[in-house]
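This report covers the ligand site of one model and a helix that contributes to it. The sequence and structure are shown first.

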Amino acid sequence: MTSPRVITAEPSEGAPERRPEVTTDPAVRAAFEADASGLRLVPDAVARPHAEEEVVAVLRQSAAERTPVTAAGGQTSTTGASVTDRGVLLSLRGLDRIIDVDPVARTARVEAGVLLGDLNRAVAEHGLFFAPDPTSEEECTVGGAVACNASGPRTLCYGATRAHVLALRVALAGGEVIEVRRPGLEKNTAGYALAHDPVDWFVGSEGTLGVVLEAELSLLPQPAQVIGLALPFTTEPDALAFIVAAREAAASLGIRCLEYLDRDALGIARAAVGGEGLPAAGALVYAEAMNVGDVEPPLDAWLALAERQQARADDVRAFEGEPALRIARRLRHAVPAYMNERGAAYRAAGGRKVSTDWAVPFRRLAEAIALARQIALRRAAAPPVVYGHAGNGHPHQNFIARDADELSRTEAAVEETLRAVLAMGGTVSAEHGIGKLKRRWLPLQMIPVQLAAMRAVKRELDPHGLLAPGNVL
Ligand SMILES: Cc1cc2nc3c(=O)[nH]c(=O)nc-3n(C[C@H](O)[C@H](O)[C@H](O)COP(=O)(O)OP(=O)(O)OC[C@H]3O[C@@H](n4cnc5c(N)ncnc54)[C@H](O)[C@@H]3O)c2cc1C
């Protein structure tokens, strides 16, 4: 199939239309009022469908009554994209079937509410995996990952979610269901590129263009061997220079990921395991090396590079085998999880966690981080913890603003940083999307005609603006 196929989802003849309960119970509404962003918005009602027809029924009713609907998966959004105080919160968690795994074609067809962790456990028995790996994979859904175009540490090697979506089944604002599949053409000059592949409209649309019901995903064969390496450095500039050198030698190193933890982030990760497994240091790079073809992960090349780049070679730790790699992933996940918890503790005082998601071309990362630190200091923002996907030029700065004043100083520092990042050829959001919290920064990056083109697509697919109001635009 080379063009989007439209399927109208009528209820089967004689069968009563399946409607999920749309509840206004305060306890249920409160259960869906928060995501990982620190924003709290209580929905007017909550719908928890278990089947496509129920999603369609909610959307039809919403269109008839002009009630907004915001889709939600695991609610791990860091931008307030999955919470709303306007209309119905539509939780897709009940659509949780793994419909089909084809080990020969290396594809999986799944409903939107399947957790990424469950998907990976299901396909592991075939020696396969779904490559995008947000560190929240045990809490976030396929629908959410598609809607945010989520990425993660391994994106450095495999690309973000967009690259792994083959087809989508989507319910539009009025309840019409369409199925869109990538055209698979090697050449195509028919019309504007933005209309060539409707799969791309929905990937990264943050719930604003349609509700993802099912996704057909491509899977990859698991590498024969992966070794995790924790490489400690005395200073941040040394660690960041190592990252550039490793990327430049990528072809010979079998790099799977290149993650960075500054001194404070490393302290959080070490505390999560009682100091075990990771050395204390001024900065740490966590890398994964995998086999290159039939050749084992080139550990000697990694260690030689580490030594040349001033790593504390005697303190390098290796994580070998799936249980050890799981511990390494847990250490890395501990940092955002801890920061989210700390941020929540200051909500009553008007504070919260502020997290950046900017990225720059990777060679400019050291310059960008140094500048961001200076700006935060000068503006008396909360001191940032810096960690993340440095191999992609993509760190997260997490600030814990303890009250409303510190929050406003921190946001001013972030805005100044984003302007500098854009001047370096960067982006204001590399993987978490825009949601509600980063909306005011989108016009810094896009010229008016780009925003107008996005609004035109939104108007065409959702003329009454009912889907995920307040996200992105
Ligand atoms: C500790 C932690 C670590 C994280 N690490 C990473 C990381 O490494 N990389 C990364 O990219 N992200 C990361 N995230 C962010 C987040 O987990 C991902 O973006 C995730 O993919 C969101 O999935 P979800 O199911 O939680 O979606 P939700 O938070 O529920 O929703 C996110 C957005 O998707 C929309 N949406 C959800 N389901 C659907 C659907 N079925 N149809 C249409 N729209 C839908 C919502 O409206 C919203 O706009 C992290 C978050 C946390 C808390």
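## Polar contacts of the ligand

In this predicted model, an oxygen atom of the ligand lies 2.5 Å from an N or O atom in the side chain of threonine 76. Two further contacts go to the backbone. A polar backbone atom of alanine 71 is 2.6 Å from an oxygen atom of the ligand, and for a polar backbone atom of glutamine 75 the distance to a ligand oxygen is 2.8 Å.

On its own, the ligand has 970 Å² of accessible area, and the protein covers 98% of that.

## The shell around the ligand

Two or more residues of the shell come from each of β4 (69-72), α4 (142-148), β11 (211-218) and α11 (322-345). The largest share is that of α4, which gives five residues.

There are 38 residues around the ligand, and those that come nearest are Ala71, Gly73, Thr76, Ser136 and Thr141. Sorted by class, the shell has 21 polar, 15 nonpolar and two charged residues.

## Helix α11

How does the span of α11 compare with the value expected at 1.5 Å a residue? The 24 residues of α11 should span 34 Å, and the end C-alpha atoms are 34 Å apart, so the two values agree. The helix α11 does bend, by about 30 degrees at alanine 334, and proline 336 follows within four residues.

Both Ala334 and Pro336 are among the buried residues of α11. The others in that list are Ala324, Leu325, Ala328, Leu331, Arg332, Val335, Met339 and Gly343. In an α-helix, residues three or four places apart point the same way, because there are 3.6 residues a turn.

Notes: Residues are numbered from 1 along each chain as its sequence is written. This is a predicted model: local features need pLDDT of at least 70, side-chain atom pairs count only at pLDDT 80 or more; totals for chains, interfaces and linings use all residues. Side-chain values use heavy atoms; hydrogens and water are left out. A residue is near a molecule or strand if one of its heavy atoms lies within 4 Å of it. A polar contact is a pair of N or O atoms within 3.5 Å; within protein, one must be able to donate a hydrogen and the other to accept it, and residues adjacent in sequence count only if both atoms are side-chain atoms. Accessible areas come from the Shrake-Rupley method with a 1.4 Å probe; for residues, only the protein chains shown count as cover. Ala, Val, Leu, Ile, Met, Phe, Trp, Tyr, Cys and Pro count as nonpolar, Asp, Glu, Lys and Arg as charged, and the others, Gly among them, as polar. The expected span of a helix is 1.5 Å times one less than its number of residues. The bend at a residue is the angle between axes fitted to the seven residues ending there and the seven starting there. Buried means under 20% relative accessible area, exposed over 50%, partly exposed in between (1.4 Å probe, protein chains only).
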